[in-house]
Amino acid sequence: MIQFPKDLPRYGAADLLKSTMIEYIVQNHLRPGDPFFSDLQIAEASGRSRSTVRRALDQLQDEKWIRRKGGVGTFVGSQAGSSRRGSLKTTSEIPKDQKTLRIGLISSGIGKQSVGDSELRDQKENLAPPGWFSSGIILGLEELSIQENYIVEYMGSCSNKPERVLRRFEQSKPDVLINMGHPVHAAIIEAQRNGIPVIFALNRDFQYGTVSIYEDNAGAMDQAVALLRRNGHERIGFLQIFCSGWWAANRYSAYLNAMDKQAREPDESLALLIPEDLYMHSGEIIARWLRREKPTAVICGSCHVMGSLKEAAQKEKRKVPDDLSIITYDQAPMLNYIFEGINPHVIELPTHTVGIEIGKMVRRIADQKPVKREEYIIPCNLIPGNSIVQLKTL
C-alpha cells in the first residue's frame, strides 16, 4: 500500500495525496492498465476524507495518471507510460555517436506543497505551490528525451540562497542551463563565463543576451477581455498581487492594451495592484475595491489572488458568477476548489509546449548551431469554465 505522509496540511492535502500517488506509480514501475487502489483504500491509508481523496483522484484522472471504469475499478493510465520514457533509457536506445546532453534546471521548486511561510500557510489557501508549473515543462521536455538523449539535473530552487545553486552548478557543469522563474544571476553569470548556453523559461531575459521562451500574455488578455465584452460586461477589473516578476508587469500592460483595443479608454482605477508585503491584508483591500469600483467582471493576473478574491466577494455578498464574473491566469492545482461548484475560466500557462520548445532549442545547441538572443512567445489557451454570466440588458 502507498505510504502517505502522517501530517497532511489542511490546505493542499489533495495535491499532496496526488503527488504521493504519482511517486508511487513511477517508483514501482506501474504500467498503463495495471490495477490501482480504490477511493476507500486510499482514504483509509491516508486518513483523509473521501471528498479529499476524490479531488486527488479526479486530478490524476484529468492528467491521465489513472483511468476509472464504472463498476469495474481504477487502473493506471497512459501517463505512466509517458513518465517512463525519460527514465528507462538503455544503451541500445541511444545512437552510439550521439552525445548525452546534461541539462541543468533551476526552478522555484518541483512538486512542493507549501508556500514556505508558516503564517501564510495557516491563513491563505495554497492555490499555487511553488514549482507547480515545473512538472508540465519537464513532461514536455521528456517527449524528446529518448531520441535526443537528455539528462535533466535539478540545480536547486531560485528561492534558495544563490550560493547553494551556484555550488551545485559548479559541481555539475551541465551542457545547458535552464532558468525557470526568477533568475539566479550568480549561476547565469558563471554559465556564460564557461561558455554554457542559458535558456530563460516562462521569463524574459533583459540583460544576458540569452534565449527566452514565455507565454503570450497579450494575446491571452485580448481573448479574455473580448469574451467578457461579448457577455455584456463594461466594467472589467484587473486584479494582481504585484511582484518583481516580469510577467506581473506584462499582464498588467496587456490588460490596459486589451481594454484600449475594445474602444474603451482604460480606467486605471479598475486595476488593483496589491504589493506583496500587503498580501496578508489583500482580502480587505479587494473588498474595499469591489465596493468602490463595482466591477461586474474581474480578470485575475495570477491564480495567487483567487483565495483573497473569494474572501472579499463573501464579505461584499458578491456571488460568483451571478454578481461577479471571473477569468484567471494559470491552471494552478487547487483552482477548481475555491468557489464551491465553480470551475473558473482559465488562461492556461502553456507549460507542456514550453518544455517541447526547450527540447528543440537544446538540440540546436548540441548541433552547434548559432544560438543568439531570441524570444519565443507561446500562445495560451482560454479554457472554458462556468465563472462567466451574460449580463442582462435593461
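The questions and answers below cover a nonpolar core and an open sheet in a predicted model.

Residues are numbered from 1 along each chain as its sequence is written, and side-chain values use heavy atoms, with hydrogens and water left out. In this predicted model, local features need pLDDT of at least 70, side-chain atom pairs count only at pLDDT 80 or more, and totals for chains, interfaces and linings use all residues.

Reader: Which helix gives the most residues to the largest nonpolar core?

Author: A nonpolar core is a set of buried (under 20% relative accessible area, 1.4 Å probe, protein chains only) Ala, Val, Leu, Ile, Met, Phe, Trp, Tyr and Cys residues joined through side-chain atoms within 4.5 Å. The largest one holds 26 residues, and strands 8, 9 and 10 and helices 12 and 13 each supply at least two. Helices (H or I, at least four residues) and strands (E, at least two) are DSSP runs, numbered from the N terminus. With 5 residues, the top contributor is helix 12.

Reader: Which strands stand at the edges of the open sheet of 6 strands?

Author: The strand order is 4-3-5-6-7-13, with parallel pairing; two strands pair if DSSP finds at least two bridges between them. Each edge strand has a single partner, so one side of each is left without a neighbour in the sheet. These are strand 4 (150-157) and strand 13 (374-378).

Reader: Which residue in strand 6 stands opposite Ile178?

Author: Strand 5 (residues 176-180) and strand 6 (residues 198-201) pair in the parallel sense over 4 bridges. Opposite Ile178, in strand 6, is Ile199.

Notes: Buried means under 20% relative accessible area, exposed over 50%, partly exposed in between (1.4 Å probe, protein chains only).
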